[in-house]
Structures are given as structure tokens and as C-alpha cells.
Amino acid sequence: MSMLSGLSTASLFFALAPVDHASTLLGLLGLAAVFLLLVAFIVVYSKKLNHSNNLLIAQQKILDSVIQPTENCLTPHEQSSNTTFQFEQANATTLQIRDNQTKLFTPELLLEYLQSFINFSNERQPKFALLMLKFSQLFASDSAKPLTLLANVIEQLSTQLTATLDQNYIIARYNADTFAIVVPPHMCNAQLEIALNRLAHRLLPLPEHLNIADAKVALQSLIGISIYPLDGCTPPELIFAAQRAMQRAAKMGNNNLQFADTALQQRVFEYQILETELDKALRQNEVDVYYQPRISIGSNRVVGYEALLRWHSPKRGVLLPKQFLNVADETGLVIRLDQLAFKTCCAQLQQWQYTGTNRGRISLNIASLSFTQTDFVFYLTQQLEHHALDAAQFELELHEDILLQPDAVTTNKLKQLAELGFHLTLDNFGVGVSSLSMLRNTPLHSIKIAASYIKHIEHNEQQRNITASLIRLASYLQLDVIATGIENEMQAYLLHVMGCDILQGHLFSQALPSTEIPDLLARENRLLRKEVS
């Protein structure tokens, strides 16, 4: 529906506003819902803490327990070829936690870790990954290499491996020339395949940094990746899947990696192409900023805009943020995107001020990676000074991941932004684990209700009650409320009754290029003059 229809029907909502009795009843329902919301937050936190504690206890038991001897995990072929590894383990009468030579975990302890992650997997953390890293050709001609040289190579590789990965990873020596890396559930995000692909590419060049010239020529790095529960539901199944993937990587040539799931491998390949194209797009100015208006129901006027990126790809057409932001987040390109968006908005706002068509603040979504950059505040202030603008003319939408960081650097940066005059907004409020203390102690100015609460609000009574509670909670904390994703008149009416005045969505207007904003404001002025007359 066009903005004209949205604005004209919005004026009818005021005549239908509820009487005092209805407002009183809504207020009582709101208070009750707030109480239920607080109880829900406490339950979520309790479950999260219990799961984390149970997982830590289980892992500690693995390390503390005395494990009885079990059969070797190696296949007969591996047992016969890896003579050096067998010689190192020959004197072990009981299962050891650490490998004698590399001080990494043993294959048996690797199995125990895999089983513990399987046992403690749940809906919040359902996945984890296993990488099998093989340095082939290391034992291809044992007679030509003294054992001291081979031992030195293995020790150097294990040292580089532990230096490359932090303590969150589980690293084990699986056999003579193969290492195993487990990526635990809490490190497996929604775009797991992208993260694993980047991790594997960090590990493949390890032999290039060896100090032994002869070994550098001989070694080939191969990686096979399996994911629970996609590629297996037991430790042996996951190891077998990773080994099969490693064999496919060997057929493709030196220094290669493969996922156990071929469809996932194809998806990773497509992500790599998309990453290359996005990097090229930033250098060739193919990424632009569109502006979606925000409407005040109280005045029926545009009171600001949200800046949204659009990628004009010659091959793929116009791409929305959801089609490329995940790749940008994983590759770090999101930093350049955020800088481009702010710089473009500064130039646009400067032009609107010159032409007298400026309307309120411009809101920008700030990625967590951008916020953590040491020069983040400096870049913003530099652009403001260059364009002679005030920070109060901008709104920064922050994800709760940023606000939940307990370190002093984050706290100081938030205070610094607020003191400069930036309007700080908590994005997607209601879908995370934000606490009341965080809302009270963070220098926020507004909250943006998650679009999932707005969708189908007219058909779901529970959603209406929760949304009303969120709005009432924000009013208690003296925070402004913004609702986005408005698609029909009933959604706008319900939010207006609940006390939310600033709305945004396709009911009023889609995101527009800057060249179409003057026409939008002209239509708004004609409509207002018509209503007055």
C-alpha cells in the first residue's frame, strides 16, 4: 500500500481511540504482562547457566578421571604405517590424557570430548564441528628421513597449531601425521560453514612456516570437515565422515579442504565467490544507501529515516542486506560497509540541510565487529567534522551483543557516543536476553521492537500482550519506542493504541533512493493540506 493510503487511514485511528476504561484495562494487562516477561527472562538465564555449568563439569570429569585402556582408534592400515607413533605410545600401560611428543590430547580423549558434546547438545547449541588435519607425505619415505627430523617436524606443527587456535578449541593428535580439531557448540553460529572454511584456510599454510627446508617441500595439508548431527550422530561416524572428506581433498590436489556434506561444500564455494564480488563492489562503488521513512502517527509526518544498504550487482541485480551481510560479517567486509553507510549519510544529510528537506535523524545499523574497532568513534567524529554536522542528527542501532559485553572499553565507548550526542537504540528488542539492569545502566535513548513481534500481531493475542508489555516497560524506563515491519492498517492501529508513535514499514513506504525522497515529502505536504482544508 502506498504512503498516501497509509497516512490517510492513520488519521482515522485517532477517532477510534479507546475510552478511559479501555486504557485502564490495557494498563492492568500491561503490568501483568511485564511481570510475566520478567519471570521468562529469569527462566531463560537459569537454563542457560545450568547448561553451561553442566558442560564444564562434564569436560572437567573427562580430564580428571582415570580412563581404562581401550583399543586403538586407528584402522589396520594406519596402525601398520605409523610406526613412529606406535613406538612413542608403546610404554603406556594406561590411557594418557596428553600425547607424549606433542602434549596434545590423545585419540581416546578426543572420543570422550565428542561424546560429551553430543550428550549436552540442545536446541540452543545443536551443532559442533570436527576438522581432521592431515600432513601427507610426512612418512612417505621414512628411510630417507631420520626419526629426529620427523619428530622435530611434528613438534613444530603442533606448536604452530596451538598458537593459531585459542583455548576454546579441542586439539588432539589422532595419529602420526593427522591432528583433530573440535569446534565446540558455543562457537558454532548460524553461518557455521563460512566460519569453518575460514578456519581451515588458516590451518592449511602451517607447513610453510616450518624451519626445516626439507620438510616444507614434502608436506601437503589436507582437511576434512564433519558437522554434528548433519554428518553423524556418534563419534566414530563423525570421524569417518571427516576422513572421507579428507580423502576427497587429497584427490583434488595439495593444500585442499572438503566438507563431508557435498551440498555444504557447494554452498561454501558460492560464499567465496560472493565474498570476492562484494570486495570488488566496494572498490567500484556498487553499494548504495536507500532511506526508509519513519512516520509519526501523532503528526502524520516523516520524522526520520533508516539507512539501508543496496548492492547493485551487475551479475545478480539489486541485493538486499540479508543476501550479503552474513558473508560481510564473517569476512570483516562489514567494517567497510558501515563506514561507507555513515559517510554516505553524512553527505546526504548535508545536502538535505542545504535544500531545506531534512526530516529528523538518520538511523544506521552498526555491526558488532565495527563497534569493537579501536578507531570506531574517531571515524564517526572525523566524518561529522568534515561535513559540519552534529552527532544528534544520527541514531545508531546497536545489537544487544554489543551491550552485553561487560568490559570497560565497551562501557566507555557507549558513554563517549552518548556524550557526543548520538541517539543510541537497542535493536531487535524482545528476542534476546537483555536484562532490566542492562537497560537501566546503558545510556540508551530508545528501543526498536523486533519485527517478529509485529508480524501477525493482529491475529495473535499473546503477541499483542507481549508487545504491549515491551512498550509499557520502555515507557517506565523513559525510552522511546520504534516499531518496524508495519504491513497493514490494523498493525498500525494496535501499536498506536499501545502507545508506540513512531512506525516504519511498507504500509507507509519502502526504502527509497535519495533522489525519490523530495517527491515523498511533496506528497506528504499535499495530503496534509488536503486534510486541513
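N285 lies in the loop between α10 and β6 (287–296). I start there since this residue has something to show in its backbone. This is a predicted model, and everything I say today is about that model.

N285 has a positive phi, about 60 degrees, although it is not a glycine. Is this residue buried or exposed? N285 has a relative accessible area of 68%, so it counts as exposed.

There is another asparagine to put beside it. The phi of N428 is also positive, near 55 degrees, and again the residue is not glycine. N428 sits in a strand, β11, which covers residues 423–429. With a relative accessible area of 33%, N428 is partly exposed.

One more backbone item before the side chains. The peptide bond that runs from Y228 to P229 is cis, and its omega is near 0 degrees. P229 belongs to the loop that connects β4 (220–228) with α9 (235–251). Please keep Y228 in mind, as it comes back in a moment.

Now the aromatic rings. How many aromatic pairs does the model contain? The count comes to 12. Let me take two of them. In the pair of Y113 and F117, the ring centres are 6.2 Å apart and the planes meet at 35 degrees, so this pair is tilted. Both residues are in helix α5, residues 107–119, and because they are 4 residues apart there, about one helical turn separates them. Y113 has 3% relative accessibility and therefore counts as buried. F117, at 1%, is buried as well.

The next pair is Y305 with W352. Their ring centres lie 5.1 Å apart with the planes at 40 degrees, so this pair is tilted too. It links distant parts of the chain: Y305 is in strand β7 (residues 301–313), W352 is in helix α12, and their positions lie 47 residues apart in the numbering. Y305 is buried, with a relative accessible area of 0%. W352 is buried at 3% relative accessibility.

Here Y228 returns. Which residues form an aromatic cluster with it? The cluster consists of F105, Y113, F117, F128 and Y228. So the Y113 and F117 pair belongs to this cluster, and so does the residue that precedes the cis bond to P229.

Next, two lysines. K413 has its charged end over the ring of F371, at 5.2 Å from the ring centre. The other lysine, K448, is found in strand β12, residues 446–449. Is K448 buried or exposed? Its relative accessible area is 5%, so K448 is buried. What does its side chain contact? The side chain of K448 makes a polar contact, at 3.0 Å, with the side chain of E306.

The last topic is the cavities. A search of the whole structure finds 4 of them with a volume of 30 Å³ or more. The largest has a volume of about 100 Å³. Its lining is made up of I335, D338, Q339, F342, I366, S370, Q373, D375, F376, Y379 and L380. Two elements give two or more residues to that lining, namely α12 (333–355) and α14 (376–387). Helix α12 provides the largest share, 4 residues. This is the helix that also holds W352, from the second pair I described. By residue type, the lining has 6 nonpolar, 3 polar and 2 charged residues.

The second largest cavity has a volume of about 60 Å³. Which residues line it? They are I194, N197, V268, Y271, Q272, E275, V327 and T331. At least two lining residues come from each of α7 (192–203), α10 (262–283) and α11 (325–331). The largest share, 4 residues, is from α10. The division here is 4 nonpolar, 3 polar and 1 charged.

That brings us back to the start. The helix with the largest share of this second lining is α10, and the loop that holds N285 lies between α10 and β6. If you look at the structure, you can begin at N285 in that loop, find the lining residues that include V268 and Y271, and then go on to α12 for the largest cavity. That is all I have.

Notes. Residues are numbered from 1 along each chain as its sequence is written. This is a predicted model: local features need pLDDT of at least 70, side-chain atom pairs count only at pLDDT 80 or more; totals for chains, interfaces and linings use all residues. Side-chain values use heavy atoms; hydrogens and water are left out. On a 1 Å grid over the protein atoms alone, a cavity is a set of points where a 1.4 Å probe fits but cannot get out, and a pocket is an open set with protein on both sides within 12 Å along at least five of seven lines; lining residues have an atom within 4 Å of a point. Grid points are joined across faces, edges and corners, and a volume is the space filled by probe spheres set on the points. Ala, Val, Leu, Ile, Met, Phe, Trp, Tyr, Cys and Pro count as nonpolar, Asp, Glu, Lys and Arg as charged, and the others, Gly among them, as polar. Rings of Phe, Tyr and Trp (its six-membered ring) pair if their centres lie within 6.5 Å; planes under 30 degrees apart count as stacked, over 60 as edge-to-face and the rest as tilted. Buried means under 20% relative accessible area, exposed over 50%, partly exposed in between (1.4 Å probe, protein chains only). A charge sits over a ring if NZ of Lys or CZ of Arg is within 6 Å of the ring centre and within 35 degrees of the ring normal. A polar contact is a pair of N or O atoms within 3.5 Å; within protein, one must be able to donate a hydrogen and the other to accept it, and residues adjacent in sequence count only if both atoms are side-chain atoms.
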